[in-house]
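Please go through the pockets, cavities and backbone details of this model. A short report follows the display.

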Amino acid sequence: MHHPGPPRFVAVGDEVELAPRDPDPTATYEWRVASAPVGAAASVGDDPVEQFEPDAPGRYELELSAPDSTHTLTVRAYPGHLSASGSAGGNYGRSGEGGTETETTPAGEGESGEATSARVGEDDIAAAAGPGGRPRLTLSTEVTDDAVVVRADASGHPDGPETAADLEVEFLLDDRDDLSRADVTIEGPELRVPRDHLPDLARVHAVSIGRHGYSVPEAVEIERDGSTLQTALPYHPPDWARDATIYEIYVRTFPGQDADRDDSDRTVFDAIVDRLDYIADLGVDTVWLTPVLQNDDAPHGYNVTDFFAIADDLGTRADYERFVAEAHDRGLKVLFDLVCNHSARAHPYYQAAVSDPDNEYHEWYEWRGPGEPETYFDWEYIANFDFSHLSMRRHLLDAVDEWAPLVDGFRCDMAWAVPNSFWREIHDSLKARDSEFLLLDETIPYIPDFQGGLFDVHFDSTTYAALRRVGNGDPAEAVLDAIDERTRIGFPDHAGFMLYAENHDETRYLVECGRPAALAALGALYTLPGSPMIYAGQEFGQRGKRDDLAWAHADEELRDHVQRLATARTETPALRGDASLDRVAFEVVAGAPAPVVAFAREATAADADSATTDADSPGTGADEDDQRVVTVLNFGDEPATVTLGPATGETDLVTGASVATDDGLRVDDVVVVPADPE
């Protein structure tokens, strides 16, 4: 099946990469523009992979002639001033789909052939200069006796005046499915499909449109199995990932200073297996290993020389599979670090390409000039792949197929540097096999449109940067501003984020910011919305970012702090999943005010039902009535006494001890107290 995938939502001037899926490099593929808006002149070339740039707003139908069939792809182009790319924090990738908000206006009606009633006029364009930004959208479904109803919940930008009533919703049906516009009824933000019109699989796509842009695309899948209908939201994170606690292992230094290096039969994977019980006891449920494939001997492993072989210095494939099995036996998920942007220059295919411009592998790489490959940041040991060639894409897709069945997800290296269409194919292919497979992107800064059918969870580099600034003396309120930035930049409410204060690329937080701030930063990871990530050694005070772990010199008090936070998060519904976050009034009556911040989290009924509660667990005061809590963080060197506007309890759910004083609550680093629901 070579169909190029779901409809694309873009703006005039943005590029769309066109590529057949599951490609056969020996086959012939041809693109053509089958229909276009009046006045459009955009065209496609003769290559199997093409860059298409709409030049007029409206609906384009592109046809791909492939060995199995002729396929149609809809591209919905909005006016250029609605573009989601090109501003700060925008799409670093090589496809123009995606980015952040720009000052834009709503789309016109009629060109799409689907459903929208927004009309553009001069007044609308002028109004775009006012406050606001990208709207957001989440879909939901209801299965009735005679139909499936898809409802769009649209919301305006938090800094603008637009409400749901001001926004238009546009639905597009998937070109791959046997479902036509005549089969559905659309009224405003609601699409209805009669049961007797549904094929075995139907997919509905939607965006909301406002004066400043269009939202990240959303989708619904409706699957028929006889008389049974199942619906799914394929652009939402897997349920397990919403509450995951991730532990990153830098594989070659994880065994530590005390590893038995004279035992030739023991592998690095064996050493990791030996620590799995320890990792699970930290409250971790997901383990991410830095790359484990054959490489050019750089210790980080990101310069891959064989995408199908385990690195010799780590062990054998059997050793790796044993590690995965042992992790699964302990209830731990495993993330594989997937590198797609480049190979090592030591890769035999690159060596063949650089030595002979006529070699078949020469076209696999981008070139700055003769003998000089394209790369980023002048990295001298890697060479960027050229995704315009099917043989190169096929190689990486085969590598994905090789490793995906073994693990629970991919951490996708340099996701911003790989074409969106390639990630979208990987997403759809993997989700078709396992809807719970996780795709985590390393994209700095994050890109909202990566939520729309590319990745499930995103590196929250904005909150990371805020934690570093606060640890160096900025007001602690910056961490809440960072969380708010997710909405401001256009992420939908269902987007997933990985929270971190350090990783293998960064100086240890403890070294840069000091121990008091490090305790508070850990508190932030476990109490803010998102999935906390701990970098191996962070939990016990490791100081070198890539040094052998000093297991024998662990800071036991710091490790206990991490375990208490993990337990509190697990046992307190209001600290997990989709629990809301609100700023609360507070006053620092003793101590420095700038390093202190307070916020509330409140659980929905679903959060409370799904959380594991054990009121008798040592070290916590959490129970099933704790639907709302207030967290206070203190990044300062000295304790602070804080009074809170909302009514709260006095028992810290992290330690199980009272933090009450005559003047307020004592906060050394992090305190979580029950609060009255609003």
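The second largest pocket has a volume of about 630 Å³. Its lining counts 27 residues, and the closest to its centre are Arg-486, Pro-492, Asp-493, Ala-495 and Pro-529. The elements that give two or more residues to this lining are α2, α10 (478–489), β28 (496–499) and β30 (580–583). The largest share, five residues, comes from α10.

The model is a predicted one: local features need pLDDT of at least 70, side-chain atom pairs count only at pLDDT 80 or more, and totals for chains, interfaces and linings use all residues. Residues are numbered from 1 along each chain as its sequence is written, and side-chain values use heavy atoms, with hydrogens and water left out.

A few terms come first. A pocket is an open set of points on a 1 Å grid over the protein atoms alone, with protein on both sides within 12 Å along at least five of seven lines; a cavity is a set of points where a 1.4 Å probe fits but cannot get out; lining residues have an atom within 4 Å of a point. Grid points are joined across faces, edges and corners, and a volume is the space filled by probe spheres set on the points. Helices (H or I, at least four residues) and strands (E, at least two) are DSSP runs numbered from the N terminus.

**The largest pocket**

The largest pocket holds about 1100 Å³ of space. Among its 44 lining residues, the closest to the centre are Arg-203, Glu-221, Asp-428, Lys-431 and Ala-432. Strands β7 (136–143), β12 (201–210), β14 (218–225) and β15 (228–232) each give two or more residues to the lining, as do helices α2 (239–242), α7 (390–403) and α8 (420–433). Helix α8 gives the most, with nine residues.

**A cavity**

The structure holds seven cavities of 30 Å³ or more. The second largest cavity has a volume of about 80 Å³. Its lining consists of Glu-502, Tyr-509, Leu-510, Ala-518, Ala-521, Leu-522, Gln-538, Gln-542 and Leu-558. Both α11 (509–513) and α12 (515–527) supply at least two of the lining residues. The most come from α12, with three.

The table sets out the linings by class. Ala, Val, Leu, Ile, Met, Phe, Trp, Tyr, Cys and Pro count as nonpolar; Asp, Glu, Lys and Arg count as charged; the others, Gly among them, count as polar.

| Lining | Nonpolar | Polar | Charged |
|---|---|---|---|
| Largest pocket | 17 residues | 10 residues | 17 residues |
| Second largest pocket | 12 residues | seven residues | eight residues |
| Second largest cavity | six residues | two residues | one residue |

**Helix α5 and strand β17**

Helix α5 covers residues 317–329. At 1.5 Å a residue, its 13 residues should span 18 Å, and its end C-alpha atoms are 18 Å apart, which agrees. The expected span is 1.5 Å times one less than the number of residues.

Asp-319, Tyr-320, Phe-323, Val-324 and Ala-327 of α5 are buried. They cover an arc of only 140 degrees around the axis, so they sit on the same side of α5. That arc is taken from the directions from the helix axis to the C-beta atoms. Buried means under 20% relative accessible area, exposed over 50%, and partly exposed in between, with a 1.4 Å probe and protein chains only.

The face of α5 turned away from its buried side carries the exposed residues Ala-318 and Asp-329. The buried residues of α5 pack against α3 (268–274), α4 (276–281), β17 (286–289), β19 and β20 (333–339). Contact means heavy atoms within 4.5 Å. Just after α5, Gly-331 takes a positive phi of about 80 degrees.

Thr-286 is in strand β17. Thr-286 is buried, with a relative accessible area of 1%. Leaving out residues up to four places away in sequence, Thr-286 touches Trp-240, Ala-244, Thr-245, Ile-246, Tyr-247, Leu-332, Lys-333 and Leu-335.

**Backbone details**

Two aspartates merit a check of phi. Asp-297 is not a glycine, yet has a positive phi of about 80 degrees. Asp-297 is in the loop between β18 (293–295) and β19 (304–310), and is exposed, with a relative accessible area of 72%. Asp-378, also not a glycine, has a positive phi of about 60 degrees. Asp-378 lies in the loop between β23 (372–373) and β24 (382–384), and is exposed at 60% relative accessible area.

A cis peptide bond joins Ile-444 and Pro-445, with omega about 0 degrees. Pro-445 is found in the loop between β26 (438–441) and β27 (457–459).
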